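Student: I should like to take a close look at a single part of this model. Would you please walk me through the salt bridges and then through what surrounds them?

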Amino acid sequence: INAEYMGSSEKRFEELKTIYQTPIGTKNPSSHDVKFLFGDLNFRIDLEDEYCGTLTRQKCYEAMLAKEQFWNQFYQHNYLPELEEEPITFPPTYKFTKGTTEYALEKRPPAWCDRIMWVKSQDIHCFKYTSVESIS
């Protein structure tokens with residue numbers, strides 16, 4: 001899923017619901033044993049750019065997550081309640097200055113765009129949920 005084109009966070013969530021509930025081939029999504037929803041969901045952090053940059057430099061990720069659109073919609077408003085995500089304990093994954101590990105704060109505040117969720121199950125166990133700063 002790439003949600004970049006979707007506009008507001010409410011519209012993104014409505015689109016995610018549609019994608020999640022759309023049959024794959026001839027099977028209804030509810031008939032699958034294991035279900036994942038993942039992709040570049042492109043949600044933002046509802047803080048002023050400068051303040052968000054300060055929090056990023058100070059590694060105050062918890063304060064940023066408290067204002068993150070995805071977190072607020074997904075958890076506080078109980079969208080898609082059957083899905084779960086591991087707690088985020090890593091730095092924002094977007095947007096870096098090309099070729100560096102420095103955030104491009106002049107473009108937009110950092111955010112956790114890439115997400116992985118799954119239906120709560122005894123069969124699915126997450127052993128590590130993190131980001132990769134660079135790929136060689």
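Tutor: In this predicted model, Glu68 and Arg115 form a salt bridge, and their closest N and O atoms are 2.5 Å apart. Glu68 lies in the loop between α3 (61-65) and α4 (69-76), whereas Arg115 belongs to strand β3, so the pair ties together parts that are 47 residues apart in sequence. Both Glu68 and Arg115 are buried.

Arg115 has a further partner. Its side chain meets that of Glu85 in a salt bridge, with 2.6 Å from N to O. Glu85 lies in the loop between β2 and β3, so this pair joins parts that are 30 residues apart in sequence. The contact between the side chains of Arg115 and Glu85, at 2.6 Å, also appears as a polar contact. By the rule applied here, the count of salt bridges comes to two. Glu68, Glu85 and Arg115 are thus linked in a network of salt bridges.

Let us consider how far these residues are covered. A residue counts as buried when its relative accessible area is under 20%. Arg115 has a relative accessible area of 2%, and therefore it is buried. Glu85, at 9% relative accessibility, counts as buried because it too falls under that limit. For the protein chain of 136 residues, the share that counts as buried is 37%.

We now turn to the strand that holds Arg115. The protein chain has four helices and three strands, and from the N terminus on its elements run α-β-α-α-α-β-β. The three strands form an open sheet in the order β1-β3-β2, with antiparallel pairing. The edge strands are β1 (36-40) and β2 (83-84), each of which pairs on one side only. Strand β3 covers residues 114-119, and five bridges join β1 to β3, the two running antiparallel. One point of this pairing can be named: Phe38 has Ile116 in β3 as its bridge partner.

Phe38 and Ile116 also take part in a feature of the surface. Together with Val34 and Phe36, they form a nonpolar patch there, and the four have about 370 Å² of accessible area together. Phe36 is found in strand β1. With a relative accessible area of 43%, Phe36 is partly exposed. The sheet region therefore offers a contrast, because Arg115 in β3 is buried at 2%, while Phe36 is partly exposed at 43%.

Consider next Cys113, which is placed in the loop between β2 and β3. Cys113 is buried, with a relative accessible area of 2%. Cys113 and Gly39 are 74 residues apart in sequence, yet their C-alpha atoms are 8.0 Å apart in space.

On the other side of the network, the loop that carries Glu68 leads to α4. Gln69 is in helix α4. Gln69 is buried, with a relative accessible area of 12%. The side chains of Gln69 and Asp46 are joined by a polar contact of 3.1 Å. In α4, the buried residues are Gln69, Phe70, Asn72, Gln73 and Phe74. After α4 comes Asn78, whose phi is positive, near 60°.

Helix α2 (residues 49-57) may be read in a similar manner. Its buried residues are Cys52, Gly53, Leu55 and Thr56. Seen down the axis of α2, these buried residues fall within an arc of 160°, so they line one face of the helix. The face turned away from that buried side carries the exposed residues Glu50 and Arg57. A general property of helices helps in reading such a pattern: an α-helix has 3.6 residues a turn, so residues three or four places apart point the same way.

To return to the starting point, the network links Glu68, Glu85 and Arg115. Its central details are the 2.5 Å between Glu68 and Arg115 and the 2.6 Å between Glu85 and Arg115.

Note on methods: Residues are numbered from 1 along each chain as its sequence is written. This is a predicted model: local features need pLDDT of at least 70, side-chain atom pairs count only at pLDDT 80 or more; totals for chains, interfaces and linings use all residues. Side-chain values use heavy atoms; hydrogens and water are left out. Two strands pair if DSSP finds at least two bridges between them. Buried means under 20% relative accessible area, exposed over 50%, partly exposed in between (1.4 Å probe, protein chains only). Patches are made of residues with over 30% relative accessible area and no salt bridge: like charges are joined within 9 Å, nonpolar side chains (Val, Leu, Ile, Met, Phe, Trp, Tyr) within 5 Å. Accessible areas come from the Shrake-Rupley method with a 1.4 Å probe; for residues, only the protein chains shown count as cover. A polar contact is a pair of N or O atoms within 3.5 Å; within protein, one must be able to donate a hydrogen and the other to accept it, and residues adjacent in sequence count only if both atoms are side-chain atoms. The arc is that of the directions from the helix axis to the C-beta atoms.
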